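User: Please take a close look at a single part of this model, one strand. Tell me how it fits into the sheet, the core and the chains around it.

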Amino acid sequence: MTFEPVLLARVGRDRSQDIDTYVADGGYGTLRKVLTGGGTPESVTEEVKKSGLRGRGGAGFPTGVKWGFVPKDTKGKPVYLLCNADESEPGTFKDRLLMEADPHQLLEGQILSAFALRCRTSYIYIRGEFFHGARVLVRAIEEAYREGYLGENILGSGFAHDITVHRGAGAYICGEETGLIESLEGKRGQPRIKPPFPAVFGVFGAPTIVNNVETLCCVTHIMGRGAEWFAKIGRNEKNTGPKLYCLSGAVNRPGVYEAPMGLQMKELLFGPDFGQGMKDGRKVKAVIPGGASAAMLTPEEIEDCPLDFDGLAAKKSMLGSAAIIVMNEDTCIVDAATNLAKFFSHESCGQCTPCREGTPWLYRVLSRIEAGEGRMEDIDLLEKISNQMANGMTICVFADAAIAPVLSSIGKFRDEYRYHVENKRCLVGSRTAAAVIA
Amino acid sequence: MSTPATPPTPPPPAAPEKKTLTIVFDGKPVEVPPGINLIEAAKLAGIEIPHFCFHPRLSVVGQCRMCLVEIEGIPKIQAACTTPLKEGLVVRTTTEKVRDSRAANMEFLLINHPLDCPICDQAGECKLQDNAFGYGEQRSRHDERKRQYAGYDRTMIGPHVIADMTRCIQCTRCIRFCDEIAGTGELTFLDRGGRTLVWTHDGKPLANDWSACAADVCPVGALTTKEFRFRRRVWDLNKTPSVCPGCNIGCNISLETRDAIVYRFLPRLNPEVNDYWLCDYGRFLSESLNVREISKATAREGAEVRTLIVPEAIERIASEIRSVVDSDGPSALFFLGSAHLSNEENFLLRKIADHLGCDNRDVVVDRSRTRRMKSKTEWLEGDHAGANYAGARDMGLAPRAGGHGLDDVLSGRWTPRAAIIGDGAFAAAADEAGSVDRLRGAGFLAVAARTETALSRVADVVLPAASLAQKEGCFTNVQGRVQRFERAFLPPPPIRAHWELFLLLATALGWGDRNWTPADIRALIREEVEGYGDVTEEELAGGGLMRKGLFVSTGAL
């Protein structure tokens with residue numbers, strides 16, 4: 001049975017972002033069915049729970065369960081839904097495609113989710129650099145208001161909803177849900193202490209649910225075709241639904257691919273419908289399966305490696321944002337780790353000591369090794385620094401993310417680090433010490 | 001190696017509402033009041049949880065990560081400051097995991113710190129030093145270039161505070177002080193990650209009325225004050241509990257001195273008055289205590305000014321008083337107390353007037369700009385330039401029926417034959433020619449003073465009086481709270497405390513005992529002054545007025 005794309009079904013079609021083509025393709029039919037066909041907030045939540053949908057932002061938390069954390073009695077406070085469109089994980093570009101190519105799919109899912117949450121106002125917090133995406137969304141929202149899918153008394157159902165697009169100011173950490181909330185409130189983007197969790201005390205002190213773009217898009221289809229249909233897609237009942245994979249790096253055909261949850265890594269890299277193999281016939285050296293914060297995998301580990309939450313957890317990595325970054329045999333692993341450490345050092349918000357001080361330290365030691373000035377004890381030092389940064393040492397899990405590439409690259413490619421220190425140059429690749437110093 | 005924990009005693013079922021919570025620290029159950037932070041609760045149990053960003057009066061941010069502890073039932077290590085207190089909480093502070101996390105944090109905090117303790121004013125009252133000694137490793141494994149903050153080091157960011165970001169540990173206490181206590185919000189975090197720094201918004205200066213408190217709450221040497229910078233190592237300073245002389249709020253201060261020089265005032269914790277804070281105006285009066293212009297007794301004889309020994313000068317005043325009483329009766333005398341004088345001193349002035357049967361006594365009303373101070377629970381306001389206006393009034397320094405007051409003198413309605421002015425610096429009015437002329441109209445003018453004023457320059461007899469640092473006594477503040485200040489050092493002879501001078505005068509006039517101490521005078525006040533019967537020595541002991549054992553210098557909070 002071949003898989004029919006669900007989330008990307010309309011991507012690539014002419015004027016796919018316009019409301020008339022969306023409606024012609026059956027769009028907003030689900031919203032009409034739910035709002036005017038006797039749907040209740042409880043029925044929507046129940047359907048999403050049954051579908052087994054797990055959050056597509058990275059953590060993989062069951063969406064329906066998350067919605068259930070909103071207190072029954074909100075003590076007069078409104079409930080807010082925030083769409084996390086701050087897609088900043090290196091290697092990830094799926095939400096951008098969804099927003100730019102098919103914004104109404106997101107809006108429909110967001111309105112449905114808002115209905116389930118009894119939410120009057122929701123926000124799309126979009127990464128600041130996604131200027132085009134923000135413009136597309138603003139226009140789509142205007143269209144939706146005009147056609148009566150947003151605003152007061154939507155489709156005569158009595159349900160009212162407003163969506164506002166809020167552009168971020170350029171911080172990776174604002175993709176962390178409490179950092180996003182702070183930023184949306186107009187404050188410096190830095191994560192909050194939890195508890196209280198956002199479902200109880202979120203944006204403006206009100207109960208708040210933060211969902212990823214792809215998650216909300218999935219809601220559109222769960223409500224359209226039913227939880228059972230959704231749950232049948234995927235490797236098992238814990239890893240359900242269609243999934244977007246962002247393939248990048250040394251493959252022949254990088255891009256966003258949709259497949260049932262649990263696609264084999266080898267299929268994604270080498271399959272004719274996907275990556276079509278390694279560029280120039282080079283060999284795989286390492287694969288980062290879930291964005292920069294996921295531990296890298298070796299060629300042995302990507303054999304029988306289903307790309308889903310539990311499949312990658314079993315390999316002590318994670319699906320994360322499903323950003324699969326492929327490195328070939330010409331990649332210097334120290335160089336790669338240094339590059340990632342630089343990113344995390346640049347993006348730490350700076351509030352917690354271990355992360356603020358640890359991320360630049362890791363970067364400095366790595367760049368010293370990369371520049372041919374490393375010492376053998378630096379390798380152990382990197383591991384020790386990493387181990388004293390994470391696991392509760394900080395408010396959020398940024399530090400845990402930052403150490404993943406360092407620890408996994410040392411753990412799996414220690415010999416290459418040793419070679420680098422001994423010979424003052426890369427084992428492979430062109431970045432010799434001399435080149436870096438020059 | 002973890003300490004075995006004693007399981008918490010479960011609360012008895014359906015017990016009447018419990019006033020305290022049982023928290024188990026390292027196996028030891030401790031009863032603590034609800035509503036406090038876990039770090040404070042541990043302190044009550046005699047356990048120190050090291051921290052930087054936590055401050056009892058500022059919001060909890062949990063970001064220095066120094067206070068990590070293990071909480072039973074939670075696998076990951078937890079910040080103590082953000083852990084809500086609840087009945088039966090089991091806390092472990094001595095496990096290997098806790099020790100390692102503290103050592104890790106200390107290492108992280110020090111890798112970019114300049115370690116310039118030898119030239120840093122904070123050394124000696126620095127939490128970074130203390131915690132490094134207590135919880136850090138001896139050596140750092142950091143071998144990279146340290147972070148520099150070019151352009152953000154050794155810079156005045158306001159009229160008093162100097163910022164040096166190379167020393168900053170980004171705890172945000174100063175930011176939170178400005179946001180939450182001062183309410184002015186001058187400071188903020190700029191940039192992020194390892195480049196995060198604290199600075200003022202758009203160069204707007206840190207110029208609120210309490211700006212130096214930002215340096216107080218700074219646990220390291222990142223914020224220091226211009227006034228104290230490079231003047232003394234803090235461990236050289238003697239700390240004397242005292243009361244700020246700046247206004248009638250009467251903020252509790254630690255008077256910090258060495259070799260008979262006052263170096264600084266620091267706020268001294270009193271939750272009901274100034275809490276942990278002190279205003280810049282009061283704080284920087286410290287230097288004024290070192291001013292000494294009148295250091296001997298003098299008498300004017302015609303155009304000449306002659307130096308006398310103090311007993312001579314006292315006798316000269318006493319004989320003048322006696323001759324006025326003989327010629328014109330006691331109603332030709334005038335006694336003027338001051339809000340800058342202690343209760344004891346004002347009381348002695350009044351007793352001399354009583355003894356002589358003089359009804360003309362008063363206190364200078366020396367209004368100042370309104371000053372504000374936040375206690376733990378409320379804002380207090382003071383609007384007198386002296387700390388003891390209420391006390392001076394309480395001591396009975398107001399014209400009695402048929403007597404004359406200062407207004408009568410200054411308006412020219414009445415001129416005394418002899419005026420005894422308790423303090424030369426009694427008011428801004430002392431330097432106004434008109435007022436001085438009116439007072440000078442008295443046939444005889446005696447003044448006790450420390451600094452030269454228009455009044456001291458024209459007085460017939462000037463007595464050399466001690467500064468606040470050189471004497472002890474009590475002030476009564478705007479709330480009616482009697483607060484004791486202690487003597488930091490003795491004045492050099494022949495300078496004496498005002499109360500000693502007044503007591504000498506009293507005994508010369510036939511009342512009192514020259515061996516009395518301020519405590520003896522207070523005993524009389526308790527007997528004679530309404531509302532002062534309960535103010536026992538015990539309550540005043542330690543300078544902390546009615547509250548014992550709270551003497552904490554916030555410099556090392």
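Analyst: **From the chains to one strand**

This is a predicted model. In chain B, 66% of the contacts with a separation of 6 or more join residues 24 or more positions apart. In chain A, that share is 71%. Keep these figures in mind for the strand, which sits in chain A.

Start with the setting. Chain A holds 17 helices and 12 strands. Its C-alpha trace spans about 75 × 50 × 35 Å along the principal axes. A compact globule of 438 residues would have a radius of gyration near 22 Å, and chain A has 22 Å, so the two agree. Of those 438 residues, 57% are buried. Chain B has 15 helices and 24 strands. Its C-alpha atoms fill a box of roughly 90 × 60 × 35 Å. Of its 557 residues, 51% count as buried.

Now the sheet. It is open, has 4 strands and shows mixed pairing. The order in chain A is S8-S7-S12-S10. Strand S8 (255-260) and strand S10 (284-288) are the edges, each pairing on one side only. On average, neighbouring strands are turned by 30° against each other, direction ignored.

S10(A) is the part to look at closely. Its partner is strand S12 (residues 323-328) of chain A. The two run antiparallel and are joined by 4 bridges. At one end, Val284(A) has Asn328(A) as its bridge partner. Further along, Ile288(A) stands opposite Ile325(A) of S12(A).

Is this edge strand buried or exposed? S10(A) is mostly covered, with 5 of its 5 residues buried. As an edge strand, S10(A) still pairs on one side only. In a regular strand, side chains alternate between the two faces of the sheet.

The strand also leads into the core. Nonpolar side chains tend to be buried together in soluble globular proteins. Here the largest nonpolar core has 295 residues. The residues with the most contacts inside this core are Tyr245(A), Val287(A) and Ala214(B). Val287(A) falls within the range of S10(A), 284-288. Ala214(B) belongs to chain B, and this core therefore includes residues of both chains. Helix H16 (residues 398-423) of chain A gives the core its largest share, 10 residues.

Tyr245(A) ties this core to the sheet. Leaving aside neighbours within four places in sequence, Tyr245(A) contacts Tyr257(A) and Ala259(A). Both numbers fall within S8(A), 255-260. Tyr245(A) also touches Ile324(A), a position in the range of S12(A), 323-328. Its other contacts are Leu263(A), Leu268(A), Leu307(A) and Ala322(A).

Last, the neighbouring chain. The contact between the chains takes 27 residues from chain A and 24 residues from chain B. On the side of chain A, helix H13 (333-347) and helix H14 (353-370) are the elements that give two or more residues. H14(A) gives the most, with 10 residues. The residues on this side of chain A divide into 10 nonpolar, 12 polar and 5 charged.

To sum up, S10(A) is an edge strand. It is joined to S12(A) by 4 bridges, and 5 of its 5 residues are buried.

How values were computed
Residues are numbered from 1 along each chain as its sequence is written. Chains are lettered from A and ligands numbered from 1 in the order in which they are written. This is a predicted model: local features need pLDDT of at least 70, side-chain atom pairs count only at pLDDT 80 or more; totals for chains, interfaces and linings use all residues. The radius of gyration is taken over C-alpha atoms; the globule rule is 2.2 Å times the number of residues to the power 0.38. A residue is buried if 20 or more other C-beta atoms lie within 10 Å of its own, exposed if 12 or fewer, and partly exposed in between; C-beta atoms are placed from the backbone. Two residues are in contact if their C-beta atoms, placed from the backbone, lie within 7 Å. A nonpolar core is a set of buried Ala, Val, Leu, Ile, Met, Phe, Trp, Tyr and Cys residues joined through C-beta atoms within 7 Å. Two strands pair if DSSP finds at least two bridges between them. Axes are lines fitted to C-alpha atoms, for helices over the stretch in contact, and angles run from 0 to 180 degrees between N-to-C directions. Ala, Val, Leu, Ile, Met, Phe, Trp, Tyr, Cys and Pro count as nonpolar, Asp, Glu, Lys and Arg as charged, and the others, Gly among them, as polar.
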